[in-house]
Amino acid sequence: FQSEPIRVLVTGAAGQIAYSLLLSIAKGDVFGKDQPIILLLLDITPMLPVLEGVVMELQDCSLPLLRDIVPTDKEEVAFKDLDVAILVGSMPRKEGMERKDLLKANVNIFKSQGAALDKYAKKTVKVLVVGNPANTNCLIAAKSAPSIPKENFSCLTRLDHNRARSQVAIRCSVPATQVTNVIIWGNHSSTQYPDVHHCKVNMSGSELACFDAVKDDAWLKGDFIATVQQRGAAVIKARKLSSAMSAAKAICDHMRDIWVGTPEGEFTSMGIYSTGNSYAVPEDLIYSFPVQIKDKTWKIVEGLAINDFSRSKMDATAAELIEERDTAVAFLGV
């Protein structure tokens with residue numbers, strides 16, 4: 001028995017991340033092996049010929065779950081009756097561009113897409129913002145869609161979460177699946193705080209606290225954090241292109257966890273609306289927290305002890321997010 005198809009939008013659909021992402025979605029890796037899909041692919045008008053090539057390739061994959069593919073440059077087509085929106089497309093930072101120039105360009109894109117979600121999508125739509133600056137773009141989209149609950153919006157910090165998990169796993173010579181409950185706090189930027197104070201590592205059958213497994217506190221409080229914070233820049237330096245394969249994998253992980261829930265006793269990281277949190281993170285931000293997900297609903301993991309080292313790092317990334325938000329809101333005049 002197959003259910004009704006769900007409508008899944010990917011923006012920036014002719015770009016590199018989408019090219020690594022669309023096959024995984026279309027073949028059932030994200031929403032399940034018996035969930036038919038209608039893919040809506042949005043990009044800017046000059047990219048439509050490229051998008052046509054992507055459509056041909058998806059057709060040529062001959063996928064049983066893919067019911068329809070709709071390439072478009074029109075928001076009213078792309079956002080109609082959506083179940084899921086994955087907002088990858090954003091204005092990339094060009095040489096010589098200040099962060100605030102980037103913010104200004106993106107504020108307008110995400111204001112427009114938030115309004116389109118509000119007007120055309122289902123009120124139950126799950127929205128994942130990937131395009132950078134992701135946290136602030138997500139906040140602007142959420143504010144521009146007042147009829148959709150704020151908790152339906154999240155931004156991608158799963159890539160950072162996966163990076164942190166993997167660095168610990170490599171250090172301990174175990175598979176990444178043996179490392180659980182790392183946390184990314186704050187902004188998807190170089191101020192993010194990868195926190196392993198609650199992380200567990202399974203070493204030959206017994207579960208150890210991360211600090212006991214790694215046995216190198218200086219590394220965990222220094223180079224480990226810097227490596228995760230700077231990983232995106234390191235990939236660009238090496239590949240001359242930004243992380244696409246790993247970003248696409250993280251998007252799949254994030255959406256699958258929303259759809260089917262997180263494993264028992266484990267938590268993941270995602271950028272979510274901060275209002276009402278118990279970790280003294282300022283209100284009205286999209287901030288990355290540890291969460292558990294059940295029935296397509298996230299809950300912040302409560303009661304984790306926060307030491308002074310963690311507190312100062314959590315506050316620093318919050319300060320950056322407040323500044324970004326205030327700059328973005330000033331551009332919008334809202």
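This briefing walks through some salt bridges, one enclosed helix and two loop residues. Keep in mind that the model is predicted. Across the whole structure, a search turns up 14 salt bridges, and three of those pairs get a closer look here: Lys80 with Asp81, Lys122 with Asp83, and Arg158 with Asp253. After that come helix α5, then Lys123 and Gln35.

**Salt bridge Lys80–Asp81**

- The side chains of Lys80 and Asp81 pair up with an N to O distance of 3.6 Å.
- Lys80 is partly exposed, at 42% relative accessible area, and Asp81 is partly exposed too, at 33%.

**Salt bridge Lys122–Asp83**

- Here the side chains of Lys122 and Asp83 meet at 2.8 Å, N to O.
- Lys122 comes from the loop between α4 (99-120) and β5 (126-129), while Asp83 comes from the loop between α3 (75-78) and β4 (84-87), so this salt bridge ties together parts 39 residues apart in sequence.
- The two ends sit in unlike surroundings: Lys122 is partly exposed, with a relative accessible area of 35%, whereas Asp83 is buried at 13%.

**Salt bridge Arg158–Asp253 and its network**

- Arg158 and Asp253 form a salt bridge through their side chains, with 4.0 Å from N to O.
- Arg158 belongs to helix α6 (residues 158-172) and Asp253 to helix α10 (residues 245-260), so the pair links parts that are 95 residues apart in sequence.
- Both Arg158 and Asp253 are buried.
- The pair isn't on its own: salt bridges with shared partners join Arg158, Lys249, Asp253, Arg256 and Asp257 into one network.

**Helix α5**

- How many of the 10 residues of helix α5 (residues 134-143) are buried? The count is 9, so the helix is largely enclosed by the rest of the structure.
- The buried residues of α5 are Ala134, Asn135, Thr136, Asn137, Cys138, Leu139, Ile140, Ala141 and Ala142.
- Those buried residues pack against a mix of helices and strands: α4, β5, β6 (153-155), β12 (268-273), β13 (286-294) and α11 (308-332).

**Loop residue Lys123**

- Lys123 sits in the loop between α4 and β5, the loop that also holds Lys122.
- With a relative accessible area of 39%, Lys123 is partly exposed.
- Setting aside neighbours within four places in sequence, Lys123 is in contact with Asp118, Ser147, Ile148, Pro149 and Asn152.
- With Ser147, there is a polar contact between the two side chains, at 2.8 Å.
- For a sense of scale, Lys123 and Ser20 are 103 residues apart in sequence and 28 Å apart in space, C-alpha to C-alpha.

**Loop residue Gln35**

- Gln35 is found in the loop between α1 (16-26) and β2 (37-42).
- Is Gln35 buried or exposed? Its relative accessibility is 10%, so Gln35 counts as buried, the cut-off being under 20%.
- The Gln35 side chain makes a polar contact with the side chain of Ser3 at 3.1 Å, and also reaches the backbone oxygen of Glu4 at 2.8 Å.
- Beyond its neighbours within four places in sequence, Gln35 is in contact with Ser3, Glu4, Pro5, Ile6 and Leu65.

How values were computed: Residues numbered from 1 in each chain as written. Predicted model: local features only at pLDDT ≥ 70, side-chain atom pairs only at ≥ 80, totals over all residues. Heavy atoms only, no water. Buried < 20%, exposed > 50% of the residue type's maximum accessible area, 1.4 Å probe, protein only. Helix = DSSP H or I, 4+ residues; strand = E, 2+ residues; numbered from the N terminus. Contact = heavy atoms within 4.5 Å. Polar contact = N/O pair within 3.5 Å; in protein donor to acceptor, adjacent residues only side chain to side chain.
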